Amino acid sequence: MDIKSVGVIGAGQMGNGIAHVFAVAGFDVVINDISQEALDKGTGLIRRNLERQVSRDKISAETMDAAMARIKTTLKLPELGQTDLVIEAATERETVKSAIFEDLQPHLKPETILTSNTSSISITRLASRTDRPERFMGFHFMNPVPVMQLVELIRGIATDEATYKTLLGVVEKLGKTAASAEDFPAFIVNRILMPMINEAVYTLYEGVGSVKSIDESMKLGANHPMGPLELADFIGLDTCLAIMNVLHDGLADTKYRPCPLLTKYVEAGWLGRKTQRGFYDYRGETPVPTR
Ligand SMILES: NC(=O)c1ccc[n+]([C@@H]2O[C@H](COP(=O)([O-])OP(=O)(O)OC[C@H]3O[C@@H](n4cnc5c(N)ncnc54)[C@H](O)[C@@H]3O)[C@@H](O)[C@H]2O)c1
């Protein structure tokens with residue numbers, strides 16, 4: 001199937017990055033969110049990120065203008081119905097995602113491919129609640145989308161070969177690299193990454209190290225480009241907790257128990273960069289560790 005237009009649901013960190021790379025690659029993009037503020041913030045961020053790419057000679061000013069012209073926004077989910085490919089990138093909660101697919105379904109073209117950017121939720125289960133499990137896939141982009149090279153492709157048990165091949169072609173058109181993962185909780189990247197982040201939070205919780213010493217240890221001692229707590233703030237602590245819960249429930253192994261301190265931060269609304277406070281406080285000029 002030749003994909004020309006793409007609907008993106010959710011204009012948060014991931015949705016705006018996904019819209020950005022698709023528009024630069026020449027696809028028409030419609031972004032939907034439940035909040036006008038999120039849509040405005042998302043498109044403002046896309047513009048700023050494109051401007052940065054122009055200033056670094058990564059793309060031309062003409063490419064930027066053409067990309068911005070290809071992006072439309074809407075609060076009305078049915079307006080995504082005529083697109084060839086839908087990428088759901090809303091909050092990491094199964095009930096939210098299932099309700100979106102249910103509401104969208106009656107408005108879709110029969111051939112439209114449905115995908116979810118979920119970090120951890122079962123693709124087979126999400127697909128089974130739609131009218132097209134054979135044309136449903138996990139399409140997992142990494143954060144920040146314009147920078148990160150990898151896209152995980154996850155087939156549900158019913159996904160057909162044509163859908164998989166179509167998405168492989170789309171990834172190629174975006175200039176990114178696909179890795180195929182089986183449909184098990186959190187797939188490949190987050191199955192490995194999230195327990196490490198959770199362990200870093202336990203290390204903080206048990207007083208083994210401070211925020212600064214934990215992050216510096218992993219940067220200088222393990223050559224990680226970012227410390228695990230800095231990375232958790234970047235991903236969003238609500239998303240990290242949601243993924244740990246999916247691992248814990250889905251694999252029924254206590255080694256995936258979310259750290260109580262991570263739960264407490266989320267309960268406080270300290271979700272990381274997006275709320276200006278997480279393991280670091282981002283309200284000043286430079287991030288300040290909170291412990
Ligand atoms: N943050 C990461 O590093 C990362 C990486 C890969 C994948 N993901 C996944 O991407 C998805 C989105 O994560 P994010 O970090 O962008 O979250 P976010 O909190 O930044 O954005 C979520 C957006 O979804 C919108 N939303 C909520 N309910 C909606 C609905 N019913 N309809 C339309 N929009 C709705 C919210 O208003 C918000 O703008 C999650 O499934 C997450 O697991 C996140």
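**Notes on the rings, the ligand shell and a few backbone spots**

1. Tyr280 makes a good place to start: at a relative accessible area of 10%, Tyr280 is buried. Here buried means under 20% relative accessible area, exposed means over 50%, and partly exposed is anything in between, using a 1.4 Å probe and the protein chains only. Tyr282 also counts as buried, at 11% relative accessibility.

2. A word on what you're looking at. This is a predicted model, in which local features need pLDDT of at least 70 and side-chain atom pairs count only at pLDDT 80 or more, while totals for chains, interfaces and linings use all residues. Residue numbers start from 1 along each chain as its sequence is written, and side-chain values use heavy atoms, with hydrogens and water left out.

3. How many aromatic pairs does the structure hold? There are nine of them. Phe22 and Phe27 make up one, an edge-to-face pair with 5.1 Å from centre to centre and 65 degrees between the planes. Tyr280 and Tyr282 are a tilted pair, because their ring centres are 6.3 Å apart and their planes meet at 50 degrees. The rule is that rings of Phe, Tyr and Trp (its six-membered ring) pair if their centres lie within 6.5 Å; planes under 30 degrees apart are stacked, over 60 edge-to-face, and the rest tilted.

4. Back to the phenylalanines. Phe22 and Phe27 are both buried, and they belong to one aromatic cluster together with Phe139 and Phe141. Phe27 has a charged partner too: the charged end of Lys173 sits over its ring, 4.6 Å from the centre. Trp270 has a similar arrangement, with the charged end of Arg277 over the ring at 3.9 Å from its centre. To count as sitting over a ring, NZ of Lys or CZ of Arg must be within 6 Å of the ring centre and within 35 degrees of the ring normal.

5. Now the ligand. Its shell holds 26 residues, and the closest are Asp33, Glu92, Lys97, Ser119 and Ile235; a residue is near the ligand if one of its heavy atoms lies within 4 Å of it. By type, the shell splits into eleven nonpolar, eleven polar and four charged residues. For that split, Ala, Val, Leu, Ile, Met, Phe, Trp, Tyr, Cys and Pro count as nonpolar, Asp, Glu, Lys and Arg as charged, and the others, Gly among them, as polar.

6. Which side chains come to an oxygen atom of the ligand at 3.0 Å and 3.1 Å? Asn117 places a side-chain N or O atom 3.0 Å from a ligand oxygen, and Lys274 does so at 3.1 Å. A polar backbone atom of Ala90 is 3.3 Å from an oxygen atom of the ligand. The protein covers 86% of the 840 Å² of accessible area that the ligand has on its own, by the Shrake-Rupley method with a 1.4 Å probe. Helix H1 (13-24), helix H4 (94-104) and strand E6 (136-141) are the elements that give two or more residues to the shell. H4 gives the most, with three residues. Helices (H or I, at least four residues) and strands (E, at least two) are DSSP runs numbered from the N terminus.

7. Some backbone spots are worth a look. The peptide bond from Asn143 to Pro144 is cis, with omega near -5 degrees, and Pro144 lies in the loop between E6 and strand E7 (150-155). Asp57 isn't a glycine, yet has a positive phi of about 60 degrees. You'll find Asp57 in the loop between helix H2 (36-55) and helix H3 (61-70), exposed at a relative accessible area of 71%. Gln276 also has a positive phi, near 70 degrees; this residue lies in the loop between helix H11 (260-267) and strand E9 (280-281) and counts as partly exposed at 41% relative accessibility.

8. Finally, Ser122 and Arg125. Ser122 is in the loop between strand E5 (113-116) and helix H5 (123-128), and counts as buried at 18% relative accessibility. Its side chain reaches the backbone nitrogen of Arg125 at 3.0 Å. A polar contact is a pair of N or O atoms within 3.5 Å; within protein, one must be able to donate a hydrogen and the other to accept it, and residues adjacent in sequence count only if both atoms are side-chain atoms. Arg125 is found in helix H5 and is partly exposed, at 38% relative accessibility.
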